[in-house]
Amino acid sequence: MTLIDPNETHEKNRKHPHFTEILYRLAERYSCRDFDGSSIDPMELEEIIADGLQAPSSCNQQNWHFIVVADPERKKHAREISGGNHHFEYCSALIYLCFQKGWTHGNFSIVQSVAGACYHMMLSAHLRGYQCIWNAGIGDQDELRSFLKIPKNFEIQGALAIGKAKNSAPVIKAPRRPVNEVFSWEHFDRPSNATYPVIPADDYPYFEITNNVNPFAEWDPGNWSLAQIADFRGYAVWAKSPLANVYVSNRQGEAQSVEHSLLPTIRDGRALEIMPWGGTSTTALCKILGNKCKLSVAELSTHNLTFIRERLVQEGIALDNVSFELMPDGRLLHKNRTIDLVVIPQILEHLPDPEGLLDEVARVLKKDGHLVVSSRNMASQYGKLWRDKESKAQIPNQGPFTPIEACELKNWISSRFEIEEELGIGRYPTGDATPLLNDDALNGRLYAVRARLK
């Protein structure tokens, strides 16, 4: 038998005529959350799983297990357990990713093994013409364990959804960081915009940090740069696909329509919405403003703008009167006295210099132009919830924020504008969108104002 030089084999593979084509094809894989509900032949599903088994595993133990759920009623129940992943019901199959506990070797090697096998399956599905998405948010573990009959010595790591995308599904790949941001030669070296602030400490023990409890999370945006906030929000916004009527922001919810009730009647002119993040508020705003008013959307990151644009398309909003722009260093790219209406939806509390943004708004508004602004209120039951619980957790995908006391925000606004109407939204910490008037306005979980430039 002739021995094969592994270096020679590698060189031959690298020079394979389809080498680049294959890499490009693999790089085209994107996450899909909008499936058409069609089925996949069970044998092909088994082949996809068999492909996943070619991934490496810790000590070659292969202590993983994969459970396929393809029955329509069971997929529907899986969706219910997940708490809202609608694609669980309409994908062709869910593959739950499990592993036997104990084979971690202190370095999470079994977790890495299952992740490697999952990605191998994703590439196999992609090359076969299917779309897929890996999900960490799968719901209550105990309920799933009962549903799938999983023994207690096995852990559920996540679920892989596979199927055919709807014809109307967004064909959009979430942004990837520039390669020079995520690797360095010989020692750690990472750009400051991609390294987020934490509370100073001698050490950051891994097992003291969770999503629900992170004693090192830096919630004060004053300790972040705008570049860091732009980076954080620009990538994290892709946590949810821009599908019509799906993944509406919980922090807005029913309160959004109450905020928009403050909007003045504008039959034409120019409006500006500042930092709407995922764009669900932009969709509602476009419907209110109509076709004659031109709307600009300003954000810190191009990734947000790409996402918001796709959200509007999916919601059936014509883009003829909508433009998208960046805010370099927090400045608005508009000349003095050129905008009729500025809308700031729960954003001031995310900024290192909220008064600086209000100064920019005062600069670009026309005389008698209007500002509609809302903010989470520290002087409310929600403020207490934020102090006691929320701020003890990890920073959410929308970025760091600290609620602003309604009285303080009112002073900021009244020093620059004439307040025409103010209201509080929500008497209770969460969910409630009851409008609160007069003195009660300063006690709502949100404080919202319509003001006019003096």
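How many bridges join strand β2 (residues 93-100) to β4, and do the two strands run parallel or antiparallel? In this predicted model, 8 bridges join β2 to β4, and the two strands run antiparallel. The secondary structure of the protein comes to 15 helices and 12 strands. The points below start with the whole chain and then turn to single elements and residues.

**Overall form**

- The protein has 454 residues and a radius of gyration of 25 Å, which agrees with the value near 22 Å expected for a compact globule.
- Along the principal axes, the C-alpha atoms fill a box of roughly 90 × 50 × 45 Å.
- Of the 454 residues, 49% count as buried.
- The protein exposes about 23,200 Å², and carbon and sulfur atoms supply 52% of this area.
- Among contacts between residues at least 6 apart in sequence, 77% join residues at least 24 apart.

**Strand β4 and its partners**

- Strand β4 (residues 154-163) is mostly covered, with 9 of its 10 residues buried.
- In the pairing of β2 with β4, alanine 93 stands opposite isoleucine 162.
- Strand β3 (residues 131-135) also pairs with β4 in the antiparallel sense, over 5 bridges.
- Tryptophan 134 stands opposite leucine 160 in β4.
- Glutamine 131 is found in strand β3, and it counts as buried because its relative accessibility is 17%, under the 20% limit.
- Leaving aside residues up to four places away in sequence, glutamine 131 touches several residues, including Tyr30, Phe35, Ile162 and Lys164.
- The C-alpha atoms of glutamine 131 and glycine 431 are separated by 35 Å, and these residues are 300 apart along the chain.

**The open sheet of 8 strands**

- An open sheet is formed by 8 strands in the order β7-β6-β5-β8-β9-β12-β10-β11, with mixed pairing.
- Its edge strands are β7 (322-326) and β11 (435-436), each of which pairs on one side only.
- Strands β5 (residues 269-274) and β8 (residues 339-345) run parallel and are joined by 3 bridges.
- Leucine 272 has valine 342 in β8 as its bridge partner.

**Helix α9 and a nonpolar patch**

- Helix α9 is largely enclosed by the rest of the structure, because 9 of its 11 residues are buried.
- The buried residues of α9 include Ile229, Phe232, Arg233 and Tyr235.
- What covers these buried residues includes α8, β6 (293-299) and α12 (302-314).
- Phenylalanine 183 lies in the loop between α8 (179-182) and α9 (226-236).
- With a relative accessibility of 40%, phenylalanine 183 counts as partly exposed.
- Val179, Val182, Phe183 and Trp185 make a nonpolar surface patch of about 470 Å².

**Salt bridges**

- Side chains of opposite charge can pair when their charged atoms come close.
- The structure holds 25 salt bridges.
- One of them joins the side chains of arginine 416 and aspartate 359, at 2.7 Å from N to O.
- This pair links distant parts of the chain, 57 residues apart: arginine 416 is in the loop between α15 (406-414) and β10 (417-425), and aspartate 359 is in helix α13 (residues 354-364).
- Arginine 416 is buried at 16% relative accessible area, whereas aspartate 359 is partly exposed at 41%.
- Aspartate 388 and lysine 384 meet in a salt bridge at 2.6 Å, N to O.
- Both lie in helix α14 (residues 381-388), 4 residues apart, about one turn of the helix.
- An α-helix has 3.6 residues a turn, so residues three or four places apart point the same way.
- Arginine 450 forms a salt bridge with glutamate 421, and their closest N and O atoms are 3.3 Å apart.
- This pair links strand β12, which holds arginine 450, to strand β10, which holds glutamate 421, with their positions 29 residues apart in the chain.
- Arginine 450 counts as buried at 16% relative accessibility, while glutamate 421 is partly exposed at 31%.
- Salt bridges that share partners join Asp368, Glu418, Glu420, Glu421, Arg450 and Arg452 into one network.

**Positive phi angles**

- Most residues other than glycine have a negative phi.
- Phenylalanine 108 has a positive phi, near 60°, and is found in the loop between β2 and α6 (109-127).
- Asparagine 438 also has a positive phi, of about 55°, and is found in the loop between β11 and β12 (446-453).
- Phenylalanine 108 is partly exposed at 34% relative accessible area, whereas asparagine 438 counts as exposed at 66%.

Technical notes
Residues are numbered from 1 along each chain as its sequence is written. This is a predicted model: local features need pLDDT of at least 70, side-chain atom pairs count only at pLDDT 80 or more; totals for chains, interfaces and linings use all residues. Side-chain values use heavy atoms; hydrogens and water are left out. Patches are made of residues with over 30% relative accessible area and no salt bridge: like charges are joined within 9 Å, nonpolar side chains (Val, Leu, Ile, Met, Phe, Trp, Tyr) within 5 Å. Accessible areas come from the Shrake-Rupley method with a 1.4 Å probe; for residues, only the protein chains shown count as cover. A salt bridge is a side-chain nitrogen of Lys or Arg within 4 Å of a carboxyl oxygen of Asp or Glu. Buried means under 20% relative accessible area, exposed over 50%, partly exposed in between (1.4 Å probe, protein chains only). The radius of gyration is taken over C-alpha atoms; the globule rule is 2.2 Å times the number of residues to the power 0.38. Contact means heavy atoms within 4.5 Å. Two strands pair if DSSP finds at least two bridges between them.
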